[in-house]
Amino acid sequence: SAGFSHTCGVTIDATVACWGDNDGGRATAPPDSGITQVSAGYFHTCGVTDDARAVCWGDNGFGRATPPAGLDFETVSAGWRHTCGVTTEGVAICWGSNDYGRASPPRDAAFAAVSAGYNHSCGITADRRAVCWGSNDYGRASPPDGVRFTELSASRFRTCGITLDGGVVCWGSDGDGAASPPDKQPFT
């Protein structure tokens, strides 16, 4: 997972390796934590342990590195000033700054995945639709209707996703062509 100025991954032997800028401890994973999934954000990093706990480290400004206690998580996504996760019950939960509503996912859908961006967040519902919340500047929180996704990634000015047929669809700012995927498809 590539963050703002650091990168982390889970090794084959189930340990977390991080490198790059360690300001605030964002690249220093807790030892022997049993983390099976990791997400590097802007100034913090979060992961899910083998017993379904969300853990975070690094800068805790806005409470972005303090996951809610007592919940079991499938996955987490560290963003700019917030973090989102999907519980084992399919509920999207976010914590940290809620400016622009970026940490207020809809409660009327079951989620399979989430991606915390800069001032917005997006998720894939159980029926594979993309749903976004937060700032919609540049249209970054307005996914296309009728498209089903397997993966999504929300960034600062745009969101991209892989469709069920392996295509890539992006929405939001197309500065430098960043929302115009190549014709080389399908992707996995």
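1. A good place to start is the lining of the largest pocket, which by class has seven nonpolar, five polar and one charged residues. Please keep in mind as you read on that this is a predicted model.

2. How much space lies in the largest pocket? The figure is about 220 Å³. Its lining is made up of 13 residues, and those closest to the pocket centre are Ala-113, Val-114, Ser-115, Leu-152 and Ser-153.

3. Which strand gives the most to that lining? Look to E9, with four residues. At least two residues each come from E6, E9, E10 and strand E12 (149-154), so you may like to colour these strands when you view the largest pocket.4. Now for the second largest pocket, whose volume is about 190 Å³. Here 15 residues form the lining, with Ala-2, Gly-3, Ala-40, Tyr-42 and Ala-78 nearest the centre. Strand E3 (35-40) and E6 are the elements that give two or more residues to this lining. By class, the second largest pocket is lined by seven nonpolar and eight polar residues, with no charged ones.

5. Let us turn to the aromatic rings. The structure holds eight aromatic pairs. One of them joins Trp-80 and Tyr-118: their ring centres are 4.0 Å apart and their planes meet at 15 degrees, so this pair is stacked. Stacking calls for planes under 30 degrees apart.

6. Where along the chain do Trp-80 and Tyr-118 sit? Trp-80 is in the loop between strand E6 (73-78) and strand E7 (82-87), while Tyr-118 is in the loop between strand E9 (111-116) and strand E10 (120-125). With their positions 38 residues apart, the pair links distant parts of the chain.

7. Are these two residues buried or exposed? Trp-80 has 14% relative accessibility and therefore counts as buried. Tyr-118, at 13% relative accessibility, also counts as buried. The cut-off behind both calls is under 20% relative accessible area.

8. The stacked pair has company. Trp-80 and Tyr-118 belong to one aromatic cluster together with Phe-4, Tyr-42 and Phe-43. You have met Tyr-42 already, among the residues nearest the centre of the second largest pocket.

9. Finally, Tyr-118 has a charged partner. The charged end of Arg-156 sits over the ring of Tyr-118, at 4.2 Å from the ring centre. Tyr-118 is thus a handy residue to look up in the viewer: its ring is stacked with that of Trp-80, and Arg-156 places its charged end over that ring.

How values were computed
Residues numbered from 1 in each chain as written. Predicted model: local features only at pLDDT ≥ 70, side-chain atom pairs only at ≥ 80, totals over all residues. Heavy atoms only, no water. Phe/Tyr/Trp six-rings, centres within 6.5 Å; stacked < 30°, edge-to-face > 60°. Buried < 20%, exposed > 50% of the residue type's maximum accessible area, 1.4 Å probe, protein only. Lys NZ or Arg CZ within 6 Å of the ring centre and 35° of its normal. 1 Å grid on protein atoms, 1.4 Å probe; cavity = no way out; pocket = protein on both sides within 12 Å on 5 of 7 lines; lining within 4 Å. Points joined across faces, edges and corners; volume = space filled by probe spheres on them. Nonpolar A, V, L, I, M, F, W, Y, C, P; charged D, E, K, R; others polar.
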